[in-house]
Each structure stands twice: as C-alpha cells, then as structure tokens.
Amino acid sequence: MAMGFSLPKLTKILVAGDEATRRFFAENFKESGFEIHFSDSYIGAIQHLEDGLFQIIVADDGIEGMSGIQFLERCKTFAPDILRVLIVRNGDTKVLLDAINRGGIFKILMHPLDVKEVSAALSDASVHYWTEKEHERLSNLIKEQNTELVVRTLNLDKEIYERTSSLLNGLVAALDLRDSDTRWHSKRVSLYSRRIAKALGIKGEELNQIERGALLHDIGKIGIKDAVLLKPGRLTKEEWEEMKKHPEMGYRLLEGSDFLEHERIIVLHHQERYDGKGYPQGLKGKEIDIGARIFTIADTFDAMTSDRPYRKSLPFKIAREEIIRCSGTQFDPRIVEAFLAVPPNEWREIREKLEGRDINQELANSPKPPPLTQNPIPVSVQDTEKPKV
Ligand SMILES: [Fe+2]
C-alpha cells in the first residue's frame with residue numbers, strides 16, 4: 001500500500017440555514033473549489049447526511065424551533081467524522097459555552113458573515129478533516145504492517161526453534177549411537193517423561209519443555225572423552241569425576257538458546273536424587289526441577305526395560321517394583337504415583353511406535369497393578385549395571 005500524502009481532496013459542505021445564509025454561501029463560494037449543498041431545514045439536512053458523505057456542515061442557530069447546537073449534536077449520529085460549524089446571531093455566552101461543551105463544534109461564525117472569515121474557517125476545516133483522515137489511514141497502515149511484522153517475527157522464531165531443535169535432535173541421535181548401550185534411549189526417555197508429566201496434570205508448553213529437557217539430558221556427554229564414556233567396566237576415581245561433569249557441560253552447551261531455559265535446568269538437575277544424594281549440586285526434594293524429577297523415573301524405567309550387553313531387558317513388573325522401592329529416596333513419591341497411574345500398555349505402545357517392536361509381550365496380559373503398599377521386592381538393578389550416569 002502506498003504511503004504518499006494525498007491532500008487536498010474535494011470537500012463537500014452542507015449548509016443548513018435560512019435564506020440569507022444560503023444566499024451568502026451561494027454567492028460567495030460558487031467558485032471556491034468546495035462542493036456546496038443546501039438545506040432550508042434541519043430535517044432536510046439530516047436527510048442529506050443520510051444520503052451522502054459530507055466533510056463539513058455549517059448550520060444557522062435556531063431554525064425550526066431547535067437550537068443549532070442540538071441539531072449539530074444529532075448530526076454526530078449520522079456523520080460522526082463531519083466537522084461542525086455553527087453560525088450565531090449574537091454573542092450569548094451560554095450559546096457559546098454550549099457550542100464548545102456539547103456540540104463538539106469546530107468553529108463558530110458570527111453574523112453578519114464575513115467572506116474572508118468564512119473562507120478561512122472552511123479552509124481550516126477542510127485541511128483539518130483530510131489531515132485527520134490521512135492520519136487515520138497511516139495509523140491503520142502502521143497497524144497492518146505491525147501485525148505483519150509480528151507474524152513474520154513469530155514465523156522467524158518458529159523457524160529458528162525448528163532448526164535448532166532439529167540440530168539438537170541430530171546431536172542426541174549421534175550421542176545415542178556413540179554410546180551403543182543406549183540406542184533410542186534419549187528419545188524413549190523423552191516420550192516417557194512427557195507421559196508421566198501428563199499424568200501429573202502438567203499441560204501446554206511445559207509438557208514440550210519436559211520432553212525436550214529429557215531428550216537433551218545427556219547432551220553434555222559430547223564433552224566426555226571416548227576413553228571414559230565408552231570404557232567397559234568400572235571407572236577410576238578420576239574418570240568418574242570427569243563423567244560427573246556432564247550435567248554442567250550440557251547446561252553450558254545450551255546457554256545460547258533463549259527458548260531452552262527450562263530444558264537447561266532439567267539437563268543440569270537430571271542426575272540429582274530426591275534424597276539429596278545425587279550430583280552435581282546434591283539438591284533435595286523440590287529443589288530439583290520437576291522435569292528432572294520426572295526424568296529420573298523415566299530414565300530408570302527405560303534402563304531396566306531395555307536390553308544391555310550384559311543382560312536382557314527386565315520385565316515391566318520388576319521395573320515397576322524397583323521404582324516403588326526407590327520412592328522417597330531416589331524418586332519423588334508424588335511422581336512415582338503418577339508413573340504408576342499410567343496404564344502399563346501405554347509404555348509398550350510408546351516404545352513400539354518409536355522402534356516398531358514389542359519390548360515385553362507380558363504387558364499385553366498384564367493384570368491390574370498391585371497397590372503401592374505391597375511389600376517391595378528387593379531387587380537392585382543398579383548394582384548389576386555399569387555405573388549409571
Ligand atoms: Fe546423565
């Protein structure tokens with residue numbers, strides 16, 4: 001849309017007045033460049049306003065037993081933008097005050113009418129009207145362009161977000177492949193975390209943040225040497241200290257991404273434990289981000305129900321019992337409850353959908369889960385595994 005200034009335009013003026021007033025305008029403003037229409041009554045003038053667009057109305061005060069101010073007030077109903085000019089026959093203060101306070105009058109002209117004065121008033125009104133209109137047009141144009149700009153910015157944010165997410169997904173996939181024990185691990189854990197979060201009543205964008213945080217949880221391992229990360233068997237004290245740096249490394253790696261603020265915290269907290277015995281900060285209970293508290297359950301569940309080089313995947317029942325056993329120590333009991341509330345077949349569905357294979361046929365025939373109060377079975381999977389990081 002062009003933004004050029006478009007003044008002046010043809011100004012249509014309606015004169016509602018007695019014979020002398022109409023004659024004055026007819027004689028003096030015939031060649032003025034204004035298009036002037038006449039009415040000898042207020043009713044006739046209103047009919048004109050209903051029929052066509054006028055920019056200025058000039059009205060004599062007090063024809064047809066109605067004050068000019070009352071008439072001009074009514075004109076606002078039919079033509080809200082029209083500029084109103086009142087002609088008065090004396091300098092009655094009340095009439096002048098009413099004109100200003102009630103009528104929204106643009107100009108007051110006094111009888112006897114003076115050609116120069118009337119001409120100046122009409123020119124002022126005309127310029128004022130078209131300037132206002134131009135201002136309105138430009139304001140609308142700016143509003144339109146602002147809206148367009150907002151939409152473009154949103155699209156740009158979406159594009160940056162999608163590109164960054166795609167880059168991070170690639171990095172996570174590469175990491176999972178590097179550590180062959182955990183192929184598909186990050187993606188599965190992210191979907192499990194989302195499901196637990198949903199069971200906790202978490203909604204909207206926070207669900208996405210928790211899913212992404214869980215997906216990225218071990219992104220810091222990118223900075224861990226192969227000799228340490230891929231070492232079979234136990235790590236030395238020094239190697240273990242290096243491995244324990246990966247949450248902070250991941251946190252720092254995501255520093256530049258404004259839209260991953262929550263995800264960064266999940267990454268930083270993902271090795272913390274509910275009882276404060278985790279790392280790197282030894283946070284306790286609710287000091288640990290909810291996304292990270294959710295993640296630790298999803299992570300343990302996935303570790304137990306996945307094949308490892310040194311053992312086959314464990315049945316769902318065993319994984320479930322281990323999670324119950326660790327409620328209140330490793331895990332937040334409220335989140336354990338949410339995990340247990342998810343129908344068992346859903347875990348299988350998530351896994352199958354992701355990998356296209358069945359992890360545990362027994363889930364299909366799984367009986368109703370026993371209550372939480374059942375005596376826990378003393379199985380510690382972690383004892384049989386490579387140190388969990
Ligand atoms: Fe980790």
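User: What makes H13 count as largely enclosed by the rest of the structure?

Analyst: Just the tally: 7 of the 10 residues of H13 are buried, so the helix is largely enclosed by what surrounds it. Bear in mind that this is a predicted model.

User: Which residues of H13 are the buried ones?

Analyst: Phe 316, Ala 319, Arg 320, Glu 321, Glu 322, Ile 323 and Ile 324. As for what covers them, that includes H12, H14 and helix H15 (344-355).

User: Where does Ile 323 fit in the nonpolar core?

Analyst: Ile 323 belongs to the largest nonpolar core, a set of 42 residues, and is among the members that touch the most others. Ile 196, Ile 294, Ile 297, Ala 298 and Ile 335 are the rest of that group. The elements giving two or more residues to this core are helices H5 (115-178), H6 (185-199), H7 (205-215), H10 (246-253), H11 (261-269), H12 (290-304), H13 (316-325) and H14 (333-341). H12 supplies the largest share, with 9 residues.

User: What does Ile 196 touch, if you skip residues up to four places away in sequence?

Analyst: Ile 294, Ile 297, Ala 298, Ile 335, Ala 338, Phe 339 and Val 342. Apart from this core lies another one, of 28 residues, including Ile 13, Tyr 42, Val 58 and Cys 75.

User: Let's do helix pairs. Why are H2 and H3 called roughly parallel?

Analyst: Helix H2 (residues 42-51) and helix H3 (residues 68-78) pack at about 20°, with their axes 10 Å apart. Angles under 35 degrees count as roughly parallel, so that is the label H2 and H3 get. Their crossing is right-handed.

User: Which residues of H2 and H3 meet, and how do they divide by character?

Analyst: From H2 you have Tyr 42, Ile 46, Leu 49 and Glu 50, and they meet Phe 71, Arg 74, Cys 75 and Phe 78 of H3. The residues of this contact split into 6 nonpolar, no polar and 2 charged.

User: And why do H7 and H11 count as oblique?

Analyst: Their axes come within 8 Å and cross at roughly 45°. Roughly parallel needs an angle under 35 degrees, and roughly perpendicular starts at 65. The angle of H7 and H11 fits neither of those ranges, and the pair is therefore oblique. H7 passes H11 in a right-handed crossing.

User: Which residues make the contact of H7 with H11?

Analyst: On the H7 side, Gln 209, Ile 210, Arg 212, Gly 213 and Ala 214; on the H11 side, His 262, Glu 263, Ile 266 and Val 267. They divide into 4 nonpolar, 3 polar and 2 charged.

User: How do you know whether Ser 186 is buried or exposed?

Analyst: Count the C-beta neighbours: Ser 186 has 24 of them inside 10 Å. The cut-off for buried is 20 or more, so Ser 186 is buried. Ser 186 sits in helix H6. Beyond its neighbours within four places in sequence, Ser 186 is in contact with Val 172, Asp 176, Leu 215, His 217 and Asp 218. Ser 186 and Ala 173, 13 residues apart in sequence, have their C-alpha atoms 7.9 Å apart.

User: What about Gly 223, why is that called partly exposed?

Analyst: Gly 223 has 15 C-beta neighbours inside 10 Å. Buried takes 20 or more and exposed takes 12 or fewer, so Gly 223 ends up partly exposed. Gly 223 lies in the loop between H7 and helix H8 (226-229). Gly 250 is 27 residues away in sequence and 8.5 Å away in space, C-alpha to C-alpha.

User: What makes the bond between His 111 and Pro 112 stand out, and where is Pro 112?

Analyst: The bond is a cis peptide, with omega about -5°. Most peptide bonds are trans. Pro 112 is in the loop between strand E5 (107-110) and H5. The peptide bond from Tyr 279 to Pro 280 is cis too, with omega near 10°, and Pro 280 lies in the loop between H11 and H12.

User: Zooming out, how many helices and strands are there, and what share of residues is buried?

Analyst: The protein chain has 15 helices and 5 strands. Buried residues make up 33% of its 389 residues. Of the contacts with a separation of 6 or more, 63% are between residues 24 or more positions apart.

Note on methods
Residues are numbered from 1 along each chain as its sequence is written. This is a predicted model: local features need pLDDT of at least 70, side-chain atom pairs count only at pLDDT 80 or more; totals for chains, interfaces and linings use all residues. A nonpolar core is a set of buried Ala, Val, Leu, Ile, Met, Phe, Trp, Tyr and Cys residues joined through C-beta atoms within 7 Å. Helices (H or I, at least four residues) and strands (E, at least two) are DSSP runs, numbered from the N terminus. Two residues are in contact if their C-beta atoms, placed from the backbone, lie within 7 Å. Axes are lines fitted to C-alpha atoms, for helices over the stretch in contact, and angles run from 0 to 180 degrees between N-to-C directions. Angles under 35 degrees count as roughly parallel, over 145 as roughly antiparallel, 65 to 115 as roughly perpendicular and the rest as oblique. A crossing is left-handed if the near helix is turned anticlockwise from the far one by less than a right angle, and right-handed if clockwise. Ala, Val, Leu, Ile, Met, Phe, Trp, Tyr, Cys and Pro count as nonpolar, Asp, Glu, Lys and Arg as charged, and the others, Gly among them, as polar.
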